[in-house]
Amino acid sequence: MSPKQVVAAADPYFPNNGDHRFHAHRYELTLDYRPGPNRLAGTARINAIAGVGAPLREFALDLADFRIGRVLVDGRAAHYTHRAGKLRIKPAKAPAAGAAFTVDVHWSGNPKPVRSPWGGLGWEELTDGALVASQPVGAPSWYPCNDRPSDKASYQISVTTPSAYSVVTGGRLLTRTTRASATTWVYDQPAPTASYLVGLSIGVYRPVPLTEPHGGGVPQTGYVPARLQPQFEHDFARQPQMMALFEELFGPYPFAEYTVVVADEELDVPVEAQGLATFGTNHVDGARRFERLVAHELAHQWFGNSVTISGWQHIWLNEGLAKYAEWLWSERSGGPSAHHKAEAAYRQVTAFPQDLRIGDPGRRLLFDDRVYERGGLTVHALRVALGDDAFFRMLRGWATLNRHSVVTTADFVAHVARSTDRPVGDLLTAWLDRPELPPFPVRTPPPPPAAPLRAAPATRFWLRRPSGS
């Protein structure tokens, strides 16, 4: 990311989160966690770039209520204040405009979720261990960060905890070192990652490989409570097939590996993070009743994690595309077609008030069911309008051309327009920008051939494979 790209407007839904005056491009976190007293001590080295225009005389990191040990900028002690979730820093020597600089922060305390309109977010102490679920603004509950989705960085995370516990985060495990009764786990995630997508789970888990160690393809591993291993192995057995399908439809998997954790506690919903998804014990039943959620969380690795929204008003891009991926998996795995799934979703959305614009739902309704269901319907409407060949080329192009970047709804609309010679502007406006529900999308039958042709087996449009895959 160039310095010119650093300067950006504040997120309209969370204007107090993040600082657009600089860009953090790498975090190196060293953490020591004691589950019993829920005690966290950490150091962070943040490599960053100052914005253009003027020297960076002051900037801020987001960090919850911890005790601050010291703050350094380029190795020199900096003046700072810490209140209301903001660590405001004045360097002894201001970095020049566009210059690279480093920040070192030492902090400690008892991590807990930060308050939000949806309850506590971020660090969650479990009965035996902890997990992190930060979407959208929970990352400051456990480390200092520039907490805005458009500020993506690479990460190295080192966690020391009692040896009975496993530490799982997104990225490649570099080392695991045991000394006395403590073990240090070091992970590296080189791909650009938004702060809310840095996941972490600490618990007594058993690793369960879902792919062969040297079988090719994307390595996939589960970490589960030992008593749930049989149910997990059944419920997640088809995840490698999902990965193959999504790579066919969306392009190569954007990270080096994929890990799922079943936290030893019930969770309201699964949570995606970069290269990682966390499920609750209530999502594992040995009957695959929650397989659609397995598909949903995996799809987020393309839509939301690799291709990341620049601000939270664009959340339908994450959830609508992941919702449609659920329907695609159903269609291609022998379940109801995406068209039938869309019909069911349309009936569901029809029962809701018609007062939400999913292209900008507002902070209060950020996670409203209509964002998900109507988002999926918007994608289906595009499929009907474009036809399968053009639709799947468009979808794969969106994920691959924007790999590891930041996007907006306007970017998506422009991409769709470039992908077809059919007019789709009014269609997208109706689905995204108007509260009233458009008619259910119905495919216009193609014109009859000019001359009689030998009959071919009838194929419903929503069951066709994309060409070139």
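This is a short tour of one predicted model, stop by stop.

**Confidence first**

Colour the chain by pLDDT. The mean over the chain is 93, and 93% of its residues reach 70 or more. Now select residues 1-7. Here the pLDDT is below 50, and the stretch has 17 contacts in the model beyond near neighbours in sequence. Then select residues 446-469. The pLDDT stays under 50 there too, and the model has 32 contacts for this stretch beyond four places in sequence.

**The nonpolar cores**

Start inside. In soluble globular proteins, nonpolar side chains tend to be buried together. The largest nonpolar core in this model has 127 residues. Select Trp-107, Trp-142, Tyr-143, Phe-246 and Phe-250, the residues with the most contacts inside that core. Which helix gives the most to this core? Helix 5 does, with 9 residues. There is also a second, separate core of 12 residues. To find this second core, pick Ala-133, Val-168, Tyr-223 and Val-271, which are among its members.

**The aromatic cluster**

Keep Phe-246 and Phe-250 selected. Add Tyr-253, Phe-255, Tyr-258, Trp-302 and Phe-303; together these seven side chains form one aromatic cluster. Phe-246 and Phe-250 are thus in two selections: the cluster and the list of best-connected residues of the largest core.

How many aromatic pairs are counted in the model? The count comes to 27. Zoom in on one of them, Tyr-253 with Phe-255. The ring centres are 5.8 Å apart and the planes stand at 85°; an angle over 60 counts as edge-to-face, so this pair is edge-to-face. Both Tyr-253 and Phe-255 are buried.

**A charge over a ring**

Next, select Arg-176 and Trp-185. Arg-176 lies over the face of Trp-185. The distance to the ring centre is 5.0 Å.

**Salt bridges**

Side chains of opposite charge can pair when their charged atoms come close. The model has 18 salt bridges by count.

Go to Asp-188 and Arg-26. They form a salt bridge, with the closest N and O atoms 3.1 Å apart. Asp-188 lies in strand 14 (residues 182-193) and Arg-26 in strand 1 (residues 22-34), so the bridge ties together parts that are 162 residues apart in sequence. Are these two residues buried or exposed? Asp-188 and Arg-26 are both buried.

Move to helix 5, residues 316-332. Lys-323 and Glu-326 both sit in this helix, 3 residues apart, about one turn. They form a salt bridge, and their closest N and O atoms are 3.4 Å apart. Both are buried.

Stay on Lys-323 and add Glu-373. This is another salt bridge, with the closest N and O atoms 3.2 Å apart. The pair links distant parts of the chain: Glu-373 is in helix 7 (residues 369-386) and Lys-323 in helix 5, 50 residues apart. Glu-373 is buried, as is Lys-323. Now add Arg-292. Salt bridges that share partners join Arg-292, Lys-323, Glu-326 and Glu-373 into one network.

**Phe-367 and a cis bond**

Select Phe-367, in the loop between helix 6 (338-350) and helix 7. Phe-367 counts as partly exposed, because its relative accessibility is 23% and buried means under 20%. Show its neighbours beyond four places in sequence: Phe-367 touches Trp-118, Gln-135, Pro-136, Ile-315 and Tyr-372. Ile-315 is 52 residues away along the chain, yet the two C-alpha atoms are separated by 8.5 Å.

Two of those neighbours lead to the next stop. The peptide bond from Gln-135 to Pro-136 is cis, with omega near 0°. Pro-136 is placed in the loop between strand 10 (129-133) and strand 11 (153-162).

**Two loops with positive phi**

Select Asp-74. This residue is not a glycine, but its phi is positive, about 55°. Asp-74 is in the loop between strand 4 (67-73) and strand 5 (76-77). At 42% relative accessibility, Asp-74 counts as partly exposed.

End at Ala-84. Its phi is also positive at about 55°, although Ala-84 is not a glycine. Look for Ala-84 in the loop between strand 6 (79-83) and strand 7 (86-90). Ala-84 has 82% relative accessibility, so it counts as exposed.

Note on methods: Residues numbered from 1 in each chain as written. Predicted model: local features only at pLDDT ≥ 70, side-chain atom pairs only at ≥ 80, totals over all residues. Heavy atoms only, no water. Phe/Tyr/Trp six-rings, centres within 6.5 Å; stacked < 30°, edge-to-face > 60°. Buried < 20%, exposed > 50% of the residue type's maximum accessible area, 1.4 Å probe, protein only. Lys NZ or Arg CZ within 6 Å of the ring centre and 35° of its normal. Salt bridge = Lys/Arg side-chain N within 4 Å of Asp/Glu carboxyl O. Helix = DSSP H or I, 4+ residues; strand = E, 2+ residues; numbered from the N terminus. pLDDT = per-residue confidence, 0-100. Contact = heavy atoms within 4.5 Å. Core = buried A, V, L, I, M, F, W, Y, C linked by side-chain atoms within 4.5 Å.
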